Structure formats: C-alpha cells, structure tokens
Amino acid sequence: MSSPLVGVKNPALTSVWTPVLKLIENATRIVLSTHENSDGDGLGSEVAMVSVLRQLGKEVCIINPTSIPKNYQFLPYLSDALIFREDSAEHRGRLEQADLFILLDTNHIGRTRAMKPIVLELRKQGQKVLCIDHHLHPEDFADAMVCFSEACATGELIYELIKAIEKCYGKTLIDKNVATGLYTAIMTDTASFKLPKTTPHVHRIVAELLETGISPMEIYEKIYNTLTENILKLIGYGIGSIKLLEENRLAYMLITQAMLNETETSLTDTERLLDYMVGIPTTRISLLLIELPDGQTKVSMRSRGDLAVNEIAMQYGGGGHKNAAGCIMPFSLQEAIEKLTVVSINLLQNTHNHQT
Ligand SMILES: [Mn+2]
C-alpha cells in the first residue's frame with residue numbers, strides 16, 4: 001500500500017491535490033464518512049463535499065458510524081445521512097456500490113467502527129479509498145491521503161481541495177451550503193477562532209465563506225446555544241467536583257454515572273465542561289473524567305504551551321493533538337484520576353514551559 005501524500009507541507013499547492021482530483025474524476029458513486037461520535041469538523045466537511053461532488057454530477061451519500069448530534073442536524077444534507085447498521089442490506093449495498101470511499105477528519109479506519117472490515121475488504125476488490133484529515137500519526141489504509149496536521153480543521157483542507165477542483169473544472173463551487181459546512185468545521189475545531197492554528201490564512205478563508213451570505217450568529221447559536229435546565233444541573237455538579245493541584249496548574253473534574261442519570265443528561269452534554277477549567281488562567285493541564293456505563297473512564301485533556309497531553313492519551317490507547325487529546329482508560333474514575341494525577345504532575349515538572 002502506498003500513501004504518497006501523508007504529511008504534505010503545503011495544502012494550498014494544487015499539486016498536492018492531483019491524486020485526489022484523479023480519484024474524484026474517476027468515481028461515479030461516492031460514499032463520505034467521518035469518525036464515530038462525529039463533530040462539527042467531520043460533519044461540516046461532509047456537507048461541503050456533498051454539495052461540491054453533486055455539482056460535479058457525482059452520486060454521493062453520507063454513511064456515518066454513529067448518530068449525528070442534535071445541534072448539528074440543521075446542517076444541509078444531513079437529514080439524508082445513513083447511520084451504519086451491520087444488519088442493513090441497504091447500507092451494505094450502498095457501501096458496495098460505491099467506487100470511492102472518502103474518510104474525513106480521522107486517519108484511523110477503526111474509528112468507522114463496523115464499517116472498517118467492509119471498507120478494507122472492498123478496497124481489496126478494487127474500490128478506492130481517500131482520506132483527508134489533520135491529525136497526527138496517520139495509518140496506512142488508503143489510496144491517497146492528505147494528512148496535514150498544521151491545518152486548523154479538516155474543513156480548511158476541504159477548502160483547499162475545493163479551490164483545486166474549481167481551478168481544474170473552471171467552475172465556482174462555494175455556494176451557501178458549502179460555506180455553511182466549512183464555516184461550521186472551522187469554527188468548531190478552532191474553538192471559535194481562538195486556538196493556535198487560527199492563522200491569518202484561516203481568517204481569509206472564513207472571510208470568503210461569509211461573502212456567500214451565511215450568518216455567523218445563526219450558525220453559532222444553533223451549535224452552541226443548547227443549554228437546558230438539566231444540562232445546567234450537570235454543569236453545577238461538574239463545577240462542584242473541580243480540584244486544583246500544583247499551585248492551580250493542574251485542574252480536573254469528575255463526572256459520575258450517577259450525575260448523568262440524575263440529571264438525565266448524556267455524554268454529548270459534557271462536551272464543554274472542560275472550558276470551565278481551561279478558563280482559569282493558571283491551569284496548564286485540565287482533565288475531564290467521565291465514568292462510562294461499563295465502569296471504564298473516558299478522559300478528555302487540554303493543555304497550554306509545550307505540554308503534550310496527547311502523549312499521556314497515547315499511553316492509554318488514545319490520541320489527539322498536543323494541546324487537546326483523549327482516551328478511554330480501563331479503570332474506575334478513582335483509579336484513573338490517581339494515575340493521571342501522577343503522569344500530569346510529571347509532565348508539568350519535566351516540560352520546559354513557556355508561559356503563553
Ligand atoms: Mn477536526
């Protein structure tokens with residue numbers, strides 16, 4: 001297997017996209033997918049690609065491994081997306097009939113869950129696989145991969161791809177639907193244009209998207225203004241559980257199944273709990289630990305500066321970015337926090353850290 005494009009240096013170069021353009025040109029039926037527990041970047045990138053590929057006359061469908069969170073269901077095309085079920089002959093058929101499978105916002109095929117063995121098998125039979133992503137450590141499973149970890153979002157790479165397609169076909173392709181998808185992708189993955197990879201170039205892309213007439217306030221409100229009384233109760237429990245250690249440089253929050261059950265909330269409602277710890281100016285590492293129904297612990301981590309929390313996540317089979325990572329630990333909440341406290345304090349003491 002060869003993946004000639006892993007680790008490209010400049011996604012704005014048209015040549016980077018040449019093999020991708022070729023795969024798209026040769027395809028008639030295309031399936032788009034993203035990682036389990038999809039987010040704004042994966043879904044927004046799918047939305048933009050649906051519009052562009054249909055404008056090129058392709059037959060396109062989205063098949064995702066897990067359901068679409070409520071706050072993203074307003075995005076165009078997603079009401080037609082399939083949530084893959086192994087026992088569905090229709091879903092299998094759609095996968096089998098495609099001549100190109102495009103995976104967005106993850107470079108690990110296992111994150112498509114039950115779709116993985118089918119995609120790998122179909123590839124052996126000649127189906128092409130394309131992967132476009134911005135995470136580190138790509139796996140080799142595709143005919144072409146554009147993995148560029150400096151991109152703020154997969155959506156930024158999709159923008160560059162669309163520019164290359166526009167050049168190649170002599171067409172204007174960025175309509176309101178494309179812009180809504182890409183704006184959602186970039187806004188959510190940059191935490192509303194504030195994370196370090198939000199470059200001047202990213203703002204220029206966003207400026208072009210806004211010129212289509214999309215409303216940033218409307219998109220923001222649909223995605224983020226989602227609080228309910230129950231979620232507020234959960235936030236209250238979460239904030240009450242915050243502990244600050246190491247002169248307030250390490251913060252953690254513990255969410256138990258009992259809290260989730262009592263407030264009738266779910267994992268998706270915990271997404272922004274980290275913000276309360278990251279919002280403390282002294283914290284260098286913030287940890288959110290959530291007890292899962294099976295007794296394991298889901299961990300989300302944030303850090304500032306040179307502290308690489310993805311190294312901690314990788315020790316437990318997870319991954320992510322230097323300053324934002326996660327994993328699932330096969331331990332109870334208490335055991336997990338004991339272990340994480342030790343490694344986090346180690347990291348704090350052993351990393352030369354610029355006060356950013
Ligand atoms: Mn992403």
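**Helix packing and sheets in a two-domain model**

The crossing of helices α2 and α6 is left-handed. In this predicted model, the axes of α2 (residues 40-55) and α6 (residues 176-189) approach to within 7 Å and cross at roughly 160 degrees. Since angles over 145 degrees count as roughly antiparallel, α2 is therefore roughly antiparallel to α6. On the α2 side, the contact is made by Gly-40, Asp-41, Gly-44, Ser-45, Val-47, Ala-48, Ser-51 and Val-52. Helix α6 contributes Asn-177, Val-178, Thr-180, Gly-181, Leu-182, Thr-184, Ala-185, Met-187, Thr-188 and Asp-189. By character, the residues of this contact divide into 7 nonpolar, 9 polar and 2 charged.

Helix α2 also meets a sheet. It lies across β1, β2 and β4 (100-104), and runs at about 165 degrees to β1. These strands belong to an open sheet of 6 strands with parallel pairing, in the order β3-β2-β1-β4-β5-β6. The edges are taken by β3 (82-83) and β6 (144-147); each has a single partner strand, so one side of each is left without a neighbour in the sheet. Within the sheet, β1 (residues 29-34) and β2 (residues 59-64) pair in the parallel sense over 4 bridges. One residue to look for here is Leu-32, whose bridge partner in β2 is Ile-62.

A further open sheet, also of 6 strands, has mixed pairing and the order β7-β8-β9-β10-β12-β11. Here β7 (243-245) and β11 (319-321) stand at the edges, and each has a single partner strand, so one side of each lacks a neighbour in the sheet. On average, neighbouring strands of the β7-to-β11 sheet are turned by 15 degrees against each other, direction ignored. The partner of β7 is β8 (residues 250-255), and the two pair in the antiparallel sense over 3 bridges. Along this pairing, Leu-244 stands opposite Ala-251 in β8. Helix α13 (residues 333-350) packs on the sheet, where it touches β7, β8, β9 (285-291), β10 (297-303) and β12 (324-329). The direction of α13 makes about 165 degrees with that of β9.

It remains to place these elements along the protein chain, which is divided into domain 1 (14-223) and domain 2 (229-350). The C-alpha centres of domain 1 and domain 2 lie 29 Å apart.

Methods: Residues are numbered from 1 along each chain as its sequence is written. This is a predicted model: local features need pLDDT of at least 70, side-chain atom pairs count only at pLDDT 80 or more; totals for chains, interfaces and linings use all residues. Two strands pair if DSSP finds at least two bridges between them. Axes are lines fitted to C-alpha atoms, for helices over the stretch in contact, and angles run from 0 to 180 degrees between N-to-C directions. Two residues are in contact if their C-beta atoms, placed from the backbone, lie within 7 Å. Angles under 35 degrees count as roughly parallel, over 145 as roughly antiparallel, 65 to 115 as roughly perpendicular and the rest as oblique. A crossing is left-handed if the near helix is turned anticlockwise from the far one by less than a right angle, and right-handed if clockwise. Ala, Val, Leu, Ile, Met, Phe, Trp, Tyr, Cys and Pro count as nonpolar, Asp, Glu, Lys and Arg as charged, and the others, Gly among them, as polar. Domain bounds come from an automatic or database domain assignment.
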